[in-house]
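Subject: Structure for you to look at

Hello,

Here is the structure I said I would pass on. My notes on what turned up in it follow below.

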Amino acid sequence: MSESEQAINNIAPPKSYSKLLIEFNNKNKHKDLPKGELLKFNIENGSLTVYNPAPVIIDGQMHLWTRVEKKATEKDSTIRLFKETEKGDWKVVDGTPVFKNLQDPFYCGTVDGYHILGGVHVYDVIGSPYLGYRTVFYCYRNSLNELTTSDGEACSPFAVGPEKMKDIRIIQTGDGRISVMTRPQGEFGGNGRIGYFELKSLDLLERALADYDLKKDEKTLLNGMFVEEEWGGANELFNLTNGRIGVLGHIAGFGKDGKKNYYPLAFTFNPQTRSFNNLQIITTAKQFPPVNVKKSDLGDVCFSGGLVSLGNGTSWLYVGIGDTKAGRILIKDPF
């Protein structure tokens, strides 16, 4: 059996988010937890919300690719780029593309010399009240201008993932290989599990994702991470020492009141043994000022957007709160 075909196995049984939450509170002694802040955007108003930010440093300055949509619907979502001002608020970067019908942006760093970003493309499904969705990827080599066509529209994605698969993330390792984390659902993946495979080059991404979805190989899934009724996914990947990958993700499930709860998650993944360790919740919505959630079926929702290390053992964690607000919190670096 080749390395890429080895089963991903962990001996310990999976922990529910409630168990991980108890461990988080015990570790932090239920007190002295850092407090997060809500971010202010120049286009927010009574009907428009900005949330689920993905941080990226451009020309030495912090920027956020961020989800923008009306409070009353998810149908007309866009992704826009914001820049932090000297006053600490965030303004739209003029002249940058507006990605229409796109949600939950992400940035994957550079792969094969290209900056990689993307989001979840949503679309109407005939005969269904629910939106269809799939992950799409965009790239540019030198300038953000490469993301805009001559008529001012956002360019087309260079790769499109399978239908009903969010949270696909990629990273290029030190030896040039491209690590891919997936999140299948349904008979293959349940409510949402994390999978893994590798590529030799970026131009193989779309075909490899299609093949992955077609084969539905259980050996590619990370066993022992989520209990059956819960789900989760990867949000950002980091190259660590000894060839390991740090994974910023999320875990989610239903509370006793029937509402959905989301928590930022972190763990370390070893591509050689296809195993993970140090699985932990790293913050909660309760560490932020209270917000009005988007829908009545949402409980405590804190969704990972991205992690920015300060190089001193701490990191800024950027998150979406309640599907209506963006926030950030200074935490101990989980990696």
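Strand β7 (residues 102-111) runs antiparallel to β8, and 6 bridges join the two. This is a predicted model, so please read everything here as computed from it. Within this pairing, Y107 stands opposite L117 in β8. The two strands form a hairpin with 2 residues between them. One residue in that turn, D112, has a positive phi of about 50 degrees.

On its other pairing, β8 joins β9 in the antiparallel sense over 9 bridges. There, G118 stands opposite F137 in β9. Strand β8 (residues 114-123) is mostly covered, with 7 of its 10 residues buried.

Next, the small sheet and the helix that goes with it.

Strands β11, β12 and β13 make an open sheet of 3 strands, in the order β11-β12-β13 and with antiparallel pairing. β11 and β13 are the edge strands, each pairing on one side only. From one strand to the next, the twist averages 20 degrees. Between β12 and β13 the antiparallel pairing extends over 5 bridges, and M181 stands opposite Y196 in β13. Helix α2 packs on this sheet and touches β11, β12 and β13. The direction of α2 makes about 140 degrees with that of β13.

Which residues of helix α2 are buried? In this helix (residues 205-215) they are L205, A208, L209 and Y212. Those residues lie on the same side of α2 because they cover an arc of only 100 degrees around the axis. The cover over them includes β9 (132-140) and β10 (159-163), as well as β11 (169-172), β12 (178-182) and β13 (195-199). On the face of α2 turned away from the buried side are the exposed residues R207 and L214. After α2 comes K216, which has a positive phi, near 50 degrees.

The rest concerns aromatic rings.

The count of aromatic pairs comes to 15. One of them is Y262 with F303, an edge-to-face pair at 6.3 Å centre to centre and with 70 degrees between the planes. Y262 lies in strand β16 (residues 260-270) and F303 in strand β18 (residues 298-309), so this pair ties together parts that are 41 residues apart in sequence. Y262 and F303 are both buried. F267 and F276 form an edge-to-face pair as well, with 5.8 Å centre to centre and 65 degrees between the planes. F267 is buried, and F276 is too. Ring pairs also link W231, F254, Y262 and F303 into a cluster, so Y262 and F303 come up again there.

Two charged side chains are placed over rings. The charged end of K166 sits over the ring of Y133, 5.0 Å from the ring centre. The charged end of R328 sits over the ring of W316, at 4.8 Å from the centre of that ring.

If you open the model, three places cover most of these notes: the hairpin of β7 and β8, the sheet on which α2 packs, and the ring cluster of W231, F254, Y262 and F303.

Regards

Conventions: Residues are numbered from 1 along each chain as its sequence is written. This is a predicted model: local features need pLDDT of at least 70, side-chain atom pairs count only at pLDDT 80 or more; totals for chains, interfaces and linings use all residues. Side-chain values use heavy atoms; hydrogens and water are left out. Buried means under 20% relative accessible area, exposed over 50%, partly exposed in between (1.4 Å probe, protein chains only). Helices (H or I, at least four residues) and strands (E, at least two) are DSSP runs, numbered from the N terminus. The arc is that of the directions from the helix axis to the C-beta atoms. Contact means heavy atoms within 4.5 Å. Rings of Phe, Tyr and Trp (its six-membered ring) pair if their centres lie within 6.5 Å; planes under 30 degrees apart count as stacked, over 60 as edge-to-face and the rest as tilted. A charge sits over a ring if NZ of Lys or CZ of Arg is within 6 Å of the ring centre and within 35 degrees of the ring normal. Two strands pair if DSSP finds at least two bridges between them. Axes are lines fitted to C-alpha atoms, for helices over the stretch in contact, and angles run from 0 to 180 degrees between N-to-C directions.
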